[in-house]
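Visitor: Please walk me through one part of this fold. I would like short answers.

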Amino acid sequence: MFKNIIFDWSGTLCDDLSLTLDATNCVLAQYGRAPLDVGRFRAEFQLPYSEFYARVVPEADLADLEDRFRRAFDRSAETVRLLPCARDFLEYCRRRGVRCFVMTSMDPKAFESQCRGTGLTPFFEKVHSGIRDKERYIHALLREHGLLPAETAFIGDMQHDISAAHCGGVVGVGVLTGYNSADQLAQAAPDLIVPDLAVLQSFFERARCASGGDGSIRLHAMELACHVGVPDEERSVRQRLLAEVSLIPPASFSCVQDDLSRTIDYEALAVRLKYLAESSPRRLIETLAHELALCCVEEFGALRAEVEIRKFVLPGMAFSSVTASVCCRNAAE
């Protein structure tokens, strides 16, 4: 659905909430403030973070406060972990040829350490870290990389991320794996809110399947030999059937790069479907059509498969037919 995706980092791809809270409470203690529990922190923390600190410790110099926070962040015993499905989603974007970027307010050195530690560095074309005001900066990011707003989404977990998306004219997607609750995110009016990146991937795949994907593979008038029929006498004789098979491959043709392993080997698929049809008798061609479509998805990685079976037994008509469609699990409703 998008050619370009800009990711926030904290709360979107990695979970550093405990670490950030621990460092924040360390800083607040140095200014004589009571510590925050996680619920109150999530309710009160905001970006740009300078506005949050200006509200809770108005007497603090921002440069001094940032220095204290970085030192507390580095000393904290809390850990950072990759959010579930983050790597899978980035690998999905890579397969689809989506350009990926990061825009985060995190200190560049801290971000580099986290990104390298999670092994995600190779997924990003460019990282923009240390960005205090994303609403202002997103225009420069779009210009630098030649990104068209209509082809771009910004995924984040906080209101400021969604506001930045609106400012840049890109689609704003909120995820509920980070700092803001659903009610908080809704106030920023995102184009979409999802529980996590796995659900977002499923949403993209459903939309792609519904629109017909980026291309299709078709096998026309494939001959099958099968024992099929409700009466025993009909089923005892092997019949000639014809199959029309239509597939949406796992990657767009522009991403295949002339590599057979990136698409569906339809010669191997045809051999497999013919063997499957001959492997056992069936009463109904409906059953056979569903089994063949399921094989296309589960064994050959098609996002969606549609199989029409034509049967030539009734007098006075060219053929009777049934059609079965199967979508991959990520693309299923």
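The questions below cover a sheet and two helices of this predicted model.

Visitor: In what order do the 4 strands of the open sheet lie?
Guide: The pairing in this sheet is antiparallel. Two strands, β9 (217-226) and β12 (320-327), pair on one side only, as edge strands. The order is β9-β10-β11-β12.

Visitor: Which residue in β11 stands opposite glutamate 244?
Guide: Strand β10 covers residues 239-248, and β11 covers residues 304-311. These two pair in the antiparallel sense over 8 bridges. Opposite glutamate 244 stands glutamate 308.

Visitor: Which strands does α14 touch as it packs on the sheet?
Guide: Start with α13, which packs on the sheet and touches β9 and β10. The direction of α13 makes about 30° with that of β9. Helix α14 also packs on the sheet, and its direction makes about 150° with that of β11. The strands that α14 touches are β9, β10, β11 and β12.

Visitor: At what angle do α13 and α14 pack?
Guide: Two packed helices are described by the angle between their axes and by the distance between the axes. Here the helices are α13 (residues 266-278) and α14 (residues 285-298), with axes 10 Å apart. Their crossing is right-handed. The angle is about 145°.

Visitor: How many nonpolar residues does the contact of α13 with α14 have?
Guide: From α13 come Leu269, Arg272, Leu273, Leu276 and Ala277. They meet Leu288, Glu291, Leu292, Cys295 and Cys296 in α14. By class, this contact has 2 charged residues, no polar ones and, as the nonpolar count, 8.

Notes
Residues numbered from 1 in each chain as written. Predicted model: local features only at pLDDT ≥ 70, side-chain atom pairs only at ≥ 80, totals over all residues. Heavy atoms only, no water. Axes fitted to C-alpha atoms, helices over the stretch in contact; angles between N-to-C directions. Left-handed = near helix turned anticlockwise from the far one by under 90°. Contact = heavy atoms within 4.5 Å. Nonpolar A, V, L, I, M, F, W, Y, C, P; charged D, E, K, R; others polar. Pairing = 2+ DSSP bridges.
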